[in-house]
Amino acid sequence: FLNFNWAPPLDGPAIFICTLTEKILRLVYIDLLKDKTYIPVSNATLGQLLNINNQEFVKIFGVDYLKNINYFFCSEEKKKIGKNYRNSLAHWSGMSKEMLNDTFVAGLMYLYTDVLNSLFWFFLREEVMKEEDWENKVSY
């Protein structure tokens, strides 16, 4: 009567988590540069966002963190280094049903949560510093 060997399909959650992480990074980047320059959404690719030459993200994440997250979501074409999760999921290249298991999705969820936490603490620190500057200017 009950089939306990059934497992839910995990391609949807995996693609969603990966896409949401990319979207959040893109929106933050565009928001950071909105007063400096116009960034078309099509120009803010994940590879460009996670590049160590992206000074806006280096300020937020640091070089080592960007290299780490870039390793998982992208790949270095010349050196053949990186998991390339984003393109593997988006184009279903190099993926198989066996690879797409609950451990893989949990890993993506960890990366997503890590990115969100890093952004949260950066912006919280920025806000606290603004308030302290304001209080110092207003104090007698």
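Me: Which residues make the nonpolar surface patch of about 400 Å²?
Reply: The model is predicted. Patch members must have over 30% relative accessible area. Phenylalanine 120, in helix H6, has 46% and so counts as partly exposed. The patch is made by Phe120, Trp121, Leu124 and Val128.

Me: Which residues gather in a patch of negative charge on the surface?
Reply: Take glutamate 126 as one of the members. Glutamate 126 lies in helix H6, residues 102-138. Its relative accessible area is 31%, so it is partly exposed. The patch holds Glu126, Glu127, Glu131, Glu132 and Asp133.

Me: Is arginine 26 buried or exposed?
Reply: Arginine 26 lies in helix H1, residues 11-33. Its side chain reaches the backbone oxygen of alanine 44 at 2.8 Å. Buried means under 20% relative accessible area. At 14%, arginine 26 is therefore buried.

Me: Which residues are linked with Arg26 in a network of salt bridges?
Reply: A search of the whole structure finds five salt bridges. Arg26 belongs to a network of them. Its partners in that network are Glu22 and Arg86.

Me: How many Å apart are the closest N and O atoms of aspartate 31 and lysine 34?
Reply: Aspartate 31 is in helix H1 and is partly exposed at 41%. Lysine 34 has 54% relative accessibility, so it counts as exposed. The two side chains also make a polar contact. In their salt bridge, the closest N and O atoms are 2.9 Å apart.

Me: How far apart in space are aspartate 31 and leucine 116, C-alpha to C-alpha?
Reply: In sequence, aspartate 31 and leucine 116 are 85 residues apart. In space, the C-alpha to C-alpha distance is 15 Å.

Me: Where does lysine 36 lie, the salt-bridge partner of glutamate 56?
Reply: Glutamate 56 and lysine 36 form a salt bridge, with the closest N and O atoms 3.1 Å apart. The pair links distant parts of the chain, 20 residues apart. Glutamate 56 is in helix H3, residues 55-61. Lysine 36 is in the loop between H1 and helix H2.

Me: Is lysine 36 buried or exposed?
Reply: Its partner glutamate 56 has 14% relative accessibility and counts as buried. For lysine 36 the value is 58%. The cut-off for exposed is over 50%. Lysine 36 therefore counts as exposed.

Me: By about how many helical turns are lysine 59 and glutamate 56 separated?
Reply: Lysine 59 forms a salt bridge with glutamate 56, the closest N and O atoms being 3.7 Å apart. Lysine 59 is exposed, at 53%. Because the two are three residues apart in helix H3, they are separated by about one helical turn.

Definitions and conventions: Residues numbered from 1 in each chain as written. Predicted model: local features only at pLDDT ≥ 70, side-chain atom pairs only at ≥ 80, totals over all residues. Heavy atoms only, no water. Patch = residues over 30% accessible without salt bridge, like charges linked within 9 Å, V, L, I, M, F, W, Y side chains within 5 Å. Areas by Shrake-Rupley, 256 points an atom, 1.4 Å probe, with all protein chains shown as cover. Salt bridge = Lys/Arg side-chain N within 4 Å of Asp/Glu carboxyl O. Lys, Arg positive; Asp, Glu negative; His and termini not counted. Charge placed at Lys NZ, Arg CZ, Asp CG, Glu CD. Helix = DSSP H or I, 4+ residues; strand = E, 2+ residues; numbered from the N terminus. Buried < 20%, exposed > 50% of the residue type's maximum accessible area, 1.4 Å probe, protein only. Polar contact = N/O pair within 3.5 Å; in protein donor to acceptor, adjacent residues only side chain to side chain.
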